[in-house]
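Pull the model up on your screen and keep the sequence beside it. We'll walk through it together, a few side chains at a time.

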Amino acid sequence: MISRDNSSMGADKGSSVQFQDFLPVMARKLGVEGLIQELSKGFQLLMEPSQGKITFQSLKRNASRLGLGDLRDDELLEMMREGDLDGDGALDQMEFCILMVRLSPELMEEEAHRAFDFEH
């Protein structure tokens, strides 16, 4: 499993840390609907058109578009495994969106604080 501090990402953690910092900024700037639209665009960039899902091959081929080009094959495979909720070996759009949010713990913390503040 990919840890929240990205320690399993190996020596080159820069790309994932940048992404982790980028998603909360996008959420604040775009709002929930805008963030979902941007994640959908990211999914479209990464997916294998013939399957309508992100496969390991399509992720590897397009990873540099998300700043993940320096990740090793085993790291990309680990991302796929962590996001593949139905076990079919690929990521559908919902699995991709869930994975992106899970890889950004700061976003989840901000949303939890916002919900708590809203209730009081």
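In which helix is the place of I98? Look along helix α4, residues 93–102, and you'll find I98 there. Keep in mind as you look that this is a predicted model.

Let's stay with I98 for a moment. Its relative accessibility is 32%, so I98 counts as partly exposed; the band for that label runs from 20% to 50%. I98 also teams up with L85 and M94 to make a nonpolar patch on the surface, about 290 Å² in area.

Now turn α4 around and check its other residues. E95, F96, C97, L99 and M100 are the buried ones in this helix. At the N-terminal end of α4 you'll see a cap: D92 places a side-chain oxygen 3.1 Å from the backbone nitrogen of M94. So M94 turns up twice, because its backbone nitrogen faces the D92 cap and M94 is also part of the nonpolar patch with L85 and I98.

Time to zoom out. The chain has 5 helices and 0 strands, so reading from the N terminus the elements simply go α-α-α-α-α. Of the 120 residues in the chain, 41% are buried.

There's some empty space inside too. The structure holds 2 cavities of 30 Å³ or more, and the second largest has about 60 Å³ of space in it. What lines that second largest cavity? The lining is made of L46, I54, L59, L66, L68, M79, L91, F96, L99 and M100. Helix α4 gives the most to this lining, with 3 residues. F96, L99 and M100, which are named in the lining, also appear among the buried residues of α4.

Pick out L59 from that lining. L59 is found in helix α2, and with a relative accessible area of 5% it is buried, since the label needs a value under 20%. Try a C-alpha to C-alpha distance as well: L59 and M47 are 12 residues apart in sequence and come out 7.2 Å apart in space.

Next, the charged side chains. The structure holds 8 salt bridges, and a few are worth a visit. Start with E48 and R61, whose closest N and O atoms are 2.8 Å apart. E48 sits in the loop between α1 and α2, while R61 is in helix α2, so this pair ties together parts that are 13 residues apart in sequence. Is E48 buried or exposed? With a relative accessible area of 18%, E48 is buried.

The salt bridge between D88 and K53 comes in at 2.3 Å, N to O. This pair links distant parts of the chain, with D88 in the loop between α3 and α4, K53 in the loop between α1 and α2, and their positions 35 residues apart in sequence. Both count as partly exposed: D88 has a relative accessible area of 36%, and K53 has a relative accessibility of 23%.

A third salt bridge joins E75 and R72, with 3.4 Å between the closest N and O atoms. These two belong to a network of R72, D74 and E75, held as one by salt bridges that share partners. The E75 end is buried, with a relative accessible area of 4%, whereas R72 counts as partly exposed at 41%.

One last stop, back toward the start of the chain. S40 is found in helix α1, which covers residues 14–46. At 19% relative accessibility, S40 counts as buried, because the cut-off is under 20%. What does the S40 side chain meet? It makes a polar contact of 2.6 Å with the side chain of Q93. Helix α4 covers residues 93–102, so you can finish the tour by following that contact from S40 in α1 back to the helix where we began.

Key: Residues numbered from 1 in each chain as written. Predicted model: local features only at pLDDT ≥ 70, side-chain atom pairs only at ≥ 80, totals over all residues. Heavy atoms only, no water. Helix = DSSP H or I, 4+ residues; strand = E, 2+ residues; numbered from the N terminus. Buried < 20%, exposed > 50% of the residue type's maximum accessible area, 1.4 Å probe, protein only. Polar contact = N/O pair within 3.5 Å; in protein donor to acceptor, adjacent residues only side chain to side chain. Patch = residues over 30% accessible without salt bridge, like charges linked within 9 Å, V, L, I, M, F, W, Y side chains within 5 Å. Areas by Shrake-Rupley, 256 points an atom, 1.4 Å probe, with all protein chains shown as cover. Salt bridge = Lys/Arg side-chain N within 4 Å of Asp/Glu carboxyl O. 1 Å grid on protein atoms, 1.4 Å probe; cavity = no way out; pocket = protein on both sides within 12 Å on 5 of 7 lines; lining within 4 Å. Points joined across faces, edges and corners; volume = space filled by probe spheres on them.
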